[in-house]
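Trainee: I am new to this model. Please take a close look at one loop residue for me, and then show me what lies around it in the fold.

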Amino acid sequence: MLMPSIFGESLFDDLFDDFARPVKNVARYSAPAATVMRTDVKETESGYELDIDLPGYKKEDVQAQLKDGYLTITATTKTNEEKKDEAGKYIRRERYYGTCSRSFYVGEDVEQEDIKAKFEDGILKIVVPKKDAKPKVEENKFISIEG
């Protein structure tokens with residue numbers, strides 16, 4: 001009788017992984033992190049547009065924070081997959097709880113009110129305006145020389 005593989009998607013995945021494919025596909029065993037947070041950044045005349053892929057996430061799972069000139073996007077997920085046989089005994093039970101985040105430096109002159117965000121169809125769209133950096137006045141400091 002063939003039993004479902006505990007570790008892989010098919011009966012032979014684990015058997016041949018060590019011989020034919022010595023580097024295992026880690027994404028298969030963990031969360032879908034390999035495809036999470038892929039980001040497209042587009043520069044426009046007025047600012048920057050970020051399209052961040054967050055497949056499988058809901059709007060309430062995603063948070064954006066601006067602190068010290070860094071825009072940080074955080075997504076949290078939890079899944080619970082249970083498979084039972086006819087008698088109600090567990091064949092396989094898997095849970096995943098995880099958080100991923102990504103930070104972008106947008107400048108210390110950008111204010112929270114300036115940033116616009118929209119979550120639609122698993123894509124977080126963020127618009128960050130360009131701000132003219134205020135030039136810092138260079139102050140000359142001299143060391144006194146005794147003679």
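Mentor: Asp68 is exposed, with a relative accessible area of 57%. Exposed means over 50% relative accessible area, buried under 20%, and partly exposed in between (1.4 Å probe, protein chains only). The model is predicted, so local features need pLDDT of at least 70 and side-chain atom pairs pLDDT 80 or more, while totals for chains, interfaces and linings use all residues. Residues are numbered from 1 along each chain as its sequence is written, and side-chain values use heavy atoms, with hydrogens and water left out.

Asp68 sits in the loop between strand E3 (62-67) and E4. Helices (DSSP H or I runs of at least four residues) and strands (E runs of at least two) are numbered from the N terminus. Look at the backbone here. Asp68 is not a glycine, yet its phi is positive, about 55 degrees. Most residues other than glycine have a negative phi.

Asp121 gives a second case. Its phi is near 55 degrees, again a positive value in a residue other than glycine. Asp121 lies in the loop between strand E6 (116-120) and E7. With 76% relative accessibility, Asp121 counts as exposed.

Now step back to the chain. It has 2 helices and 7 strands. From the N terminus the order is α-α-β-β-β-β-β-β-β. The chain has 147 residues, and 22% of them are buried. Take contacts between residues at least 6 apart in sequence: 46% of these join residues at least 24 apart. A contact means heavy atoms within 4.5 Å.

Go back to E4, the strand after the loop of Asp68. Thr77 is in strand E4. Thr77 is buried, at 16% relative accessibility. Leaving out residues up to four places away in sequence, Thr77 touches Tyr57, Tyr96, Tyr97 and Gly98.

Next, another loop. Glu60 lies between E2 and E3. At 63% relative accessibility, Glu60 is exposed. Glu60 and Ala75 are 15 residues apart in sequence, with 9.0 Å between their C-alpha atoms.

Strand E4 (70-84) also feeds the largest nonpolar core, giving at least two residues, as do strand E2 (47-53), strand E5 (90-105) and strand E7 (123-129). This core has 16 residues. A nonpolar core is a set of buried Ala, Val, Leu, Ile, Met, Phe, Trp, Tyr and Cys residues joined through side-chain atoms within 4.5 Å. Residues with the most contacts inside the core are Ile52, Leu54, Val62, Ile73, Leu124, Ile126 and Val128. Follow Ile52 to see who meets whom. Apart from neighbours within four places in sequence, the contacts of Ile52 include Ile73, Phe104, Leu124 and Ile126. Met37, Arg38 and Thr39 are also among them.

Return to strand E6, which holds Lys118. Lys118 is partly exposed, at 48% relative accessibility. Beyond residues up to four places away in sequence, it touches Ile123, Leu124 and Lys125. Lys118 and Asp51 are 67 residues apart in sequence and 9.8 Å apart in space, C-alpha to C-alpha.

Lys118 also has a charged partner, Glu120: their side chains meet in a salt bridge (4.0 Å, N to O). A salt bridge is a side-chain nitrogen of Lys or Arg within 4 Å of a carboxyl oxygen of Asp or Glu. Side chains of opposite charge can pair when their charged atoms come close. Glu120 is partly exposed, at 37% relative accessibility.

How many salt bridges does the structure hold? It holds 2. In the other pair, the side chains of Lys130 and Glu43 meet at 2.8 Å, N to O. Lys130 lies in the segment after E7 and Glu43 in strand E1 (residues 39-43), so this pair ties together parts that are 87 residues apart in sequence. Lys130 is partly exposed, with a relative accessible area of 35%. Glu43 is exposed, at 52%.

To end where we began: Asp68 is an exposed residue in the loop between E3 and E4, and its phi is positive.
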